[in-house]
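Biologist: I should be grateful for a close look at the salt bridges of this protein. Please describe which side chains take part and how each is placed.

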Amino acid sequence: MTVTLETPGSVQTRDPRQLLNAVRPYVKERLYNIFEAPGAQGIDLYEREVRLLLRDSVAVRSLAERILDQAVAYLITAMENPGTDIGPGYTVDIGIHQIILDTPVYFAFCELYNGGRYKHHAPLVERRGDGTVMRTADIIRANGFEVDLELWEVDAAACGPCDDKVPDSH
């Protein structure tokens, strides 16, 4: 009797840090603020966004990194899957807002990952409670990203107020 064991191929996941740092050459506005201002010199864009999260909304570095990773994964998934009804919970949305509010970086992000088209953020007033958060985590995983399940499950009952009806919106 012969038994053949197949070694599963290594599953490659997409690295949010590399993907965010790939945006650097596309940043064309506010270059002093982004690259040269005190605290910005010698750091990559990923580190910049982590430090901004730590400055404004997240108290623990490891949590800021986890949130940022999921935010990058979400934004790229939204851009690569237009028309797909997805939405984050409150926790991941903190990182999404961080990237969007850093407009020179977000414009560059859209340039690179959305064919130069601006991806609008047009939230609804009320949160949706329809299971979108966990479906979104599954879509992000299928798009090649690791999913930090804890960050998605904590808000599973109440999706961020993302609107799936606005064209090219998330």
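Modeller: A salt bridge is taken here as a side-chain nitrogen of Lys or Arg within 4 Å of a carboxyl oxygen of Asp or Glu. The model is predicted, and every value that follows is computed from it. In general terms, side chains of opposite charge can pair when their charged atoms come close. By the rule just stated, the count comes to eleven salt bridges.

The pair R17 and D44 may be taken as the opening case. Their side chains meet in a salt bridge, with 3.0 Å from N to O, a distance that satisfies the rule because the cut-off is 4 Å. R17 belongs to helix α1 (residues 16-21), whereas D44 sits in the loop between α2 (31-36) and α3, so the pair ties together parts that are 27 residues apart in sequence. As to solvent, R17 has a relative accessibility of 32% and counts as partly exposed; D44, at 24%, counts as partly exposed too. Both values fall in the range between 20% and 50%, which is why the term "partly exposed" applies.

R17 also leads to E47, a residue of helix α3 (residues 45-56). Leaving aside neighbours within four places in sequence, E47 is in contact with R17 and R61. E47 is buried, because its relative accessible area is 10% and the limit for that term is under 20%. This buried residue takes part in a network of salt bridges that links E47, R51, R61 and E65.

A further pair involves helix α4 (residues 61-80), where R66 lies. The side chain of R66 meets that of E150 in a salt bridge, at 2.7 Å from N to O. E150 lies in helix α8 (residues 149-153), so this pair ties together parts that are 84 residues apart in sequence. E150 is exposed, with a relative accessible area of 52%, while R66 counts as partly exposed at 27% relative accessibility.

Finally, R55 and D56 form a salt bridge through their side chains, with 2.7 Å from N to O. R55 is exposed, its relative accessible area being 59%, whereas D56, at 49% relative accessibility, counts as partly exposed. The value for D56 is assigned in this way because exposed means over 50%.

Notes. Residues are numbered from 1 along each chain as its sequence is written. This is a predicted model: local features need pLDDT of at least 70, side-chain atom pairs count only at pLDDT 80 or more; totals for chains, interfaces and linings use all residues. Side-chain values use heavy atoms; hydrogens and water are left out. Helices (H or I, at least four residues) and strands (E, at least two) are DSSP runs, numbered from the N terminus. Buried means under 20% relative accessible area, exposed over 50%, partly exposed in between (1.4 Å probe, protein chains only). Contact means heavy atoms within 4.5 Å.
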